[in-house]
Amino acid sequence: YFYECKLVDSSIRMSFSRQIPSLKSLTLRVVGHPKCDAELVFECGGDPNSCRASRLLSKLKEMEGGVFQPRKNGNDVDMNSPWIAVNRLIEDEGRHILMIENGSKAVDCLQSYIDALVDLGRMQDGKLGPNFFQEWRRVIIEDESVEQSVAPSDANAKKTRSAKKKRKRDEEGLAESERNSGGTKAALRLGSLSFHNCAQIGLKTLQAMEVANVGSVLGTLDLTGVHSLTDVLLGEFVRCCPRIQRLSLKNCRKITGEGIMFVKGLSDLKAIDVGGSFNIIPANIIELVQCHQGTLAGTFTEIHASGLGWTDGLLETLLEHVKSHLTGLSIGFSPRLTAKSCTLIGQAGETLTSLAMHFCDCMTIDYTIQLGKLLTKLRVLDIRGASTVNSITPMLDARATVSGYNVNDENSDTFPFLFVLARYTNITSSSLVDTRAVHSFDFECIIDGGGLGGGIRRLTSTKSGQNCL
């Protein structure tokens, strides 16, 4: 079986978690026998109703999405991890949960299959073929009329020419959907796909994605830690997936400045993460920003580029191009930044909601106070490794003073909630108790390993289904 399920009262109920259970349980329930082939599981001859796994996923698609539960690993605690997640507001209950963006239980099931293959070391290139990715695309498509307008691929769909014909038919169907919805791409649902830490991914996987025309509905792609990703392969991903809006190339050590320039072909790009990709330098990011059409349009809003060796001068050059619309910035592991960088970052104070300056020597108490004064819209702050910082009370005091926030008024909405990731600082539990005595409902500060996903502030409502900040 592709996935364990139970039939209860003619409906499908699932006990699903992204927490990895025991190896035996995982192998039997999620991945199956080592010789299991996802292509055989999803083989349907063009008719999804003839495939048991497809029928199951169709039912799951109709169910309310489940809770996204990323594995807690101290080394992976990051305000943008998992990259494919969104913070969903459960309006009736007044609480937030992490979900795969534009996902469902069906999408979560397929993503869990990929994650399990990676964790077991069985995700070699070509493991997932066209049948698997066609199924992924099928559960992403929101407008079924678009899917019906696309003729199913024939038995020779693996050939390049057939794949191009299918992609053309799909694009025509999507264009028709856009016209029917008022001509806006926003009306079309874009899915999220993660190959996080998949060391073996190459042309075979990409060709399977191209045959299934995944690129027509792929909006978020996580290639974090894909060590086999080269400049050439990145260029092929850009060519096959032109609608990507959020792209993570974090810790992709083979990507160079030449390869990063392929990204300018992603005209809809809103966010990129190249942290830890040490063959990229700040000048490459600045060049990308300068020539990307989203910079002029004000739609390229998040730049996460930690570990590249930023200086005050390089940061100033970058901000000259994006300070009017920048919402997310990561420049951690930059020991050469000085106190001047705070003033530079303050130029984006009207729009900046997320800032990561982890393990930067310039981060002091005085620096946090200045951030509190300059960045009144800030919602997420990463100051991991700031060993001289022992309290966030001064920053919150400064923030409240500038914004006119009333600490005695719980209905005050002029002071947005602030999430602080403060591992490896001198902030203690007792310090936080003292801070909460003054700011009891304004912030959350993580000083241990429990911050995974907590900094994701992109919201989606269960009723409207629209993302917002």
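**Close-up 1. Phenylalanine 443 sits in strand 14.** This is a predicted model, and the first view picks out one aromatic side chain in it. With a relative accessibility of 4%, phenylalanine 443 counts as buried, because the cut-off for that label is under 20%. Setting aside neighbours within four places in sequence, phenylalanine 443 makes contact with Ile392, Leu396, Phe417, Leu418, Leu432, Thr435 and Arg436. One of these, Phe417, lies 26 residues away in sequence, yet the two C-alpha atoms are 5.5 Å apart.

**Close-up 2. Ten strands line up in one open sheet.** The sheet has 10 strands in the order 5-6-7-8-9-10-11-12-13-14, and the pairing is parallel. Strand 5 (191-194) and strand 14 (443-446) are the edge strands, each pairing on one side only. Going from one strand to the next, the twist averages 10°. So which strand of the sheet holds phenylalanine 443 from the previous view? That residue belongs to strand 14, which is one of the two edges.

**Close-up 3. Strand 5 is an edge strand with cover on both faces.** Gly191 and Leu193 are buried on one side, and Ser192 and Ser194 are buried on the other. Side chains in a regular strand alternate between the two faces of the sheet. Strand 5 pairs with strand 6 in the parallel sense, over 4 bridges. Within that pairing, glycine 191 has leucine 218 of strand 6 as its bridge partner. To get from one strand to the other, the chain goes through helix 8 (residues 203-211), and strand 5, helix 8 and strand 6 together make a right-handed β-α-β unit.

**Close-up 4. Strand 6 meets strand 7.** Here strand 6 (residues 218-222) runs parallel to strand 7 (residues 246-248), and 3 bridges join them. Leucine 221 faces leucine 247 in strand 7, and aspartate 222 is placed opposite serine 248 in that strand. The connection from strand 6 to strand 7 goes through helix 9 (residues 231-240), as a right-handed β-α-β crossover. How many of the 5 residues of strand 6 are buried? The count is 5 of the 5, so strand 6 is largely enclosed by the rest of the structure.

**Close-up 5. Helix 3 has a buried side and a face turned away from it.** In helix 3 (residues 52-62), the buried residues are Ala53, Ser54, Leu56, Leu57 and Leu60. Looking down the helix axis, these buried residues fall within an arc of 160°, so they line one face of the helix. An α-helix has 3.6 residues a turn, so residues three or four places apart point the same way. Arg52 and Glu62 are exposed, and both are carried on the face turned away from the buried side.

**Close-up 6. Helix 4 is largely enclosed by the rest of the structure.** Is helix 4 enclosed or open to the outside, going by how many of its residues are buried? Of its 15 residues, 14 are buried, so the rest of the structure largely encloses helix 4. The length works out too: at 1.5 Å a residue, the 15 residues of helix 4 (residues 105-119) should span 21 Å, and the end C-alpha atoms are 20 Å apart, which agrees. After helix 4 comes glycine 121, with a positive phi near 75°.

**Close-up 7. Three loop spots to check for backbone geometry.** Serine 81 and proline 82 are joined by a cis peptide bond, with omega about 5°. Proline 82 is in the loop between helix 3 and strand 3 (85-90). The next spot is asparagine 213, in the loop between helix 8 and strand 6. Its phi is near 55°, a positive value in a residue other than glycine. Asparagine 213 is buried, with a relative accessible area of 3%. Then there's phenylalanine 333, in the loop between strand 10 (328-330) and helix 14 (340-345). Phenylalanine 333 isn't a glycine either, but has a positive phi of about 55°. At 44% relative accessibility, phenylalanine 333 counts as partly exposed.

**Close-up 8. Zooming back out to the protein chain.** The protein chain has 17 helices and 16 strands. Of its 469 residues, 54% count as buried. If you take the contacts between residues at least 6 apart in sequence, 77% of them join residues at least 24 apart.

Note on methods: Residues are numbered from 1 along each chain as its sequence is written. This is a predicted model: local features need pLDDT of at least 70, side-chain atom pairs count only at pLDDT 80 or more; totals for chains, interfaces and linings use all residues. Side-chain values use heavy atoms; hydrogens and water are left out. Two strands pair if DSSP finds at least two bridges between them. Axes are lines fitted to C-alpha atoms, for helices over the stretch in contact, and angles run from 0 to 180 degrees between N-to-C directions. Buried means under 20% relative accessible area, exposed over 50%, partly exposed in between (1.4 Å probe, protein chains only). Contact means heavy atoms within 4.5 Å. The expected span of a helix is 1.5 Å times one less than its number of residues. The arc is that of the directions from the helix axis to the C-beta atoms. A crossover is right-handed if, with the strands pointing away from the viewer, the path from the first strand over the helix to the second runs clockwise.
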